[in-house]
Amino acid sequence: MEAERLIATGRHALAESRTALDIVAEAWQAQVLAQAIGSHLLLCGPLELRSEARGLSEIGVARGPLDHPTLRGGVPRAARLTEVADERAALTALAALLGEVGFALVGVACATDEEGLYWQCIEAIDAADEAGDRVRGMLRRLVLRERGRPPDPARGRAGPRPGPR
C-alpha cells in the first residue's frame with residue numbers, strides 16, 4: 001500500500017481512538033510506520049534523504065516498538081507499505097501524523113494516574129518528537145533539492161549561493 005494511504009489510515013484510527021490504550025497503540029503504529037518509511041527511503045529514496053532516512057528507520061529500535069504489547073499477535077499496519085510515490089507529500093503527511101500522536105499522548109499522560117502508562121506515554125512522545133525532527137530534516141533537504149541548492153554538510157542546510165566571479 002502507498003505511504004500516504006497508510007498515513008491517512010493511521011490518522012483516521014488515531015482520531016477514532018477512544019481509550020488511552022487505543023491512543024498508545026496508534027502511537028506505536030505510527031512509530032512503526034515512520035520506521036518503515038525511513039527504511040524504504042533509505043533503500044529507494046533520493047540520495048539527499050538517505051542519512052536522515054537511516055536515522056528515521058532506527059528511531060525506536062532501542063525502545064522496541066515491534067515488541068510493544070499492543071502490536072503483539074497482530075501485524076503492524078506498516079507491514080503493508082509497498083511504495084512512497086511522492087516523498088514530499090508522504091513526509092508532510094507523516095509529520096502531521098507524528099504531531100497529532102504527540103498531542104494525543106500528552107493528553108493521555110496528563111490524564112492518567114497509572115505510573116506505567118504515564119512513562120509509556122513519555123517514551124512514545126519522545127520517539128514521535130525524534131521521528132518528527134528527522135522527517136522535517138528530510139523535508140528541508142527536498143526543498144533544497146527543488147531549489148537546486150546543495151546542502152552545506154557542516155550545517156545540514158543550504159550554503160550561500162555562489163556569486164559571479
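The paragraphs below go through a predicted model, beginning with the whole chain and moving on to the packing of its helices and to a few single residues.

The protein contains five helices and two strands, and, read from the N terminus, its elements follow the order α-α-α-α-α-β-β. Of its 165 residues, 44% count as buried, while the area that the protein exposes comes to about 9000 Å², with carbon and sulfur atoms supplying 53% of that area. When contacts between residues at least 6 apart in sequence are considered, 75% of them join residues at least 24 apart.

A convenient place to begin with the packing is helix α2, which spans residues 20–44, and its contact with helix α5, which spans residues 115–147. The axes of α2 and α5 come within 10 Å and cross at roughly 30°; because angles under 35 degrees count as roughly parallel, α2 is described as roughly parallel to α5. The crossing in which α2 passes α5 is left-handed. On the side of α2, the residues that take part are A20, L21, V24, A27, W28, Q31, A34 and L41, and they meet L117, Q120, C121, E123, A124, A127, A128, A131 and M138 in α5. Sorted by class, this contact of α2 with α5 has 14 nonpolar, two polar and one charged residues.

Within α5, L117 offers a closer view of this contact, as it is a residue of that helix. L117 counts as buried because its relative accessibility is 7%, which falls under the 20% limit for that class. Apart from neighbours within four places in sequence, L117 is in contact with A20, L21, V24, V108 and T112. Of these partners, A20, L21 and V24 also appear among the α2 residues that meet α5, and V108 is one of the α4 residues that meet α2. The pair L117 and V24 is separated by 93 residues in sequence, and the distance between their C-alpha atoms is 8.8 Å.

The contact of α2 with α4 has another orientation to consider. Helix α4 covers residues 87–111, and the axes of α2 and α4 come within 10 Å and cross at roughly 155°. Because angles over 145 degrees count as roughly antiparallel, α2 is roughly antiparallel to α4, and α2 passes α4 in a left-handed crossing. From α2, this contact draws on A20, I23, V24, A27, A30, L33, A34, I37 and L41, which meet E87, L91, L94, L97, V101, A104, L105 and V108 in α4. The residues of this contact of α2 with α4 divide into 16 nonpolar, no polar and one charged.

A further partner of α2 is helix α3, which is made up of residues 50–58. Here the two helices pack at an angle of about 150°, with their axes 7 Å apart, and the crossing of α2 and α3 is again left-handed. The α2 residues involved are A34, Q35, G38, S39, L41, L42, L43 and C44, and their counterparts in α3 are R50, A53, R54, L56, S57 and E58. By class, the contact of α2 with α3 has seven nonpolar, four polar and three charged residues. The buried residues of α3 are E52, A53, G55, L56 and S57, and these pack against α2, α4 and α5. Among them, A53, L56 and S57 are also listed on the α3 side of the contact with α2.

Two residues of helix α4 complete the picture, and both can be paired with a residue further along the chain. A96 is found in α4 and counts as partly exposed because its relative accessibility is 26%; the C-alpha atoms of A96 and G132 are separated by 8.6 Å, although the two residues are 36 residues apart along the chain. G99 also lies in α4 and is likewise partly exposed, with a relative accessible area of 31%. The C-alpha atoms of G99 and A131, 32 residues apart along the chain, lie 9.8 Å from each other, and A131 is one of the α5 residues that meet α2.

Conventions. Residues numbered from 1 in each chain as written. Predicted model: local features only at pLDDT ≥ 70, side-chain atom pairs only at ≥ 80, totals over all residues. Heavy atoms only, no water. Axes fitted to C-alpha atoms, helices over the stretch in contact; angles between N-to-C directions. Helix = DSSP H or I, 4+ residues; strand = E, 2+ residues; numbered from the N terminus. Parallel < 35°, antiparallel > 145°, perpendicular 65-115°, else oblique. Left-handed = near helix turned anticlockwise from the far one by under 90°. Contact = heavy atoms within 4.5 Å. Nonpolar A, V, L, I, M, F, W, Y, C, P; charged D, E, K, R; others polar. Buried < 20%, exposed > 50% of the residue type's maximum accessible area, 1.4 Å probe, protein only. Areas by Shrake-Rupley, 256 points an atom, 1.4 Å probe, with all protein chains shown as cover.
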